[in-house]
Amino acid sequence: PDFRFDKEKKVFGFSVDYNGAKLTVSQQALPNNLKENPGQLEGVASSVNATVAIDTQKGKAYLTTGEEDTEETTTEQVAVFATKDVLVFIRSNKKLDNDEWTFYINQLNPSE
């Protein structure tokens, strides 16, 4: 994968191919308000229209349903989840099913 770190925003990111999709993964230290109140993750998710909840080994992850792209037959999706230390966003250039998302998120090992 192509790893990068934005020192200013303190965001670590990389891109990877997965099941025919290009995924862009970014993670940052879990904000204090989410550490103190993990239920606020749902609010963060809804701010990016990630309203579909799936259960993973990392806890709940929230997915966007994907908007149809008028020029192509692909859809884009965003997933968001948090561990006790890290907030993770994943953008996919095509729609994946819930099982594919669950499998991918389960194999990630995000850390600060």
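How many residues join β7 to β8 in the hairpin? In this predicted model, the hairpin passes from β7 to β8 through three residues. The two strands run antiparallel and are joined by six bridges, with β8 spanning residues 86–92. Within this pairing, Gln77 is placed opposite Ser92 of β8.

Strand β7, comprising residues 75–82, is also paired with a further strand. Strand β5 (residues 59–63) runs antiparallel to β7, and three bridges connect the two. Here Leu63 faces Ala79 of β7. Strand β7 is thus described by its bridges to β5 and by those to β8. As for solvent exposure, β7 is mostly covered, seven of its eight residues being buried.

Aromatic side chains were examined next. Four aromatic pairs are present in the structure. In one of them, the ring centres of Phe3 and Phe14 lie 5.4 Å apart; the planes meet at 50°, and the pair is therefore classed as tilted. Because Phe3 belongs to strand β1 (residues 2–6) and Phe14 to strand β2 (residues 11–18), this pair ties together parts separated by 11 residues in sequence. Phe14 also pairs with Phe12: the centres of these two rings are 6.1 Å apart and their planes stand at 50°, so this pair is likewise tilted. Through such ring pairs, Phe3, Phe12 and Phe14 are linked into a cluster. Two members of the cluster can be described by their accessibility. Phe14 has a relative accessible area of 10% and is buried, since the limit for that class is under 20%. For Phe12 the value is 27%, and the residue is partly exposed.

Two polar residues were considered for their surroundings. Gln28 is part of strand β3, which covers residues 21–29. With a relative accessible area of 27%, Gln28 is partly exposed. Beyond its neighbours within four places in sequence, Gln28 makes contact with Lys10, Val11, Asp85, Val86 and Leu87. The C-alpha atoms of Gln28 and Gly59, which are 31 residues apart along the chain, are separated by 17 Å.

Asn32 is located in helix α1, formed by residues 32–36. Its relative accessible area is 53%, and Asn32 is accordingly exposed, as that class begins over 50%. Along the chain, Asn32 and Asp85 are 53 residues apart, while their C-alpha atoms are separated by 9.7 Å. Asp85 is also among the residues contacted by Gln28.

Definitions and conventions:
Residues are numbered from 1 along each chain as its sequence is written. This is a predicted model: local features need pLDDT of at least 70, side-chain atom pairs count only at pLDDT 80 or more; totals for chains, interfaces and linings use all residues. Side-chain values use heavy atoms; hydrogens and water are left out. Rings of Phe, Tyr and Trp (its six-membered ring) pair if their centres lie within 6.5 Å; planes under 30 degrees apart count as stacked, over 60 as edge-to-face and the rest as tilted. Helices (H or I, at least four residues) and strands (E, at least two) are DSSP runs, numbered from the N terminus. Buried means under 20% relative accessible area, exposed over 50%, partly exposed in between (1.4 Å probe, protein chains only). Contact means heavy atoms within 4.5 Å. Two strands pair if DSSP finds at least two bridges between them.
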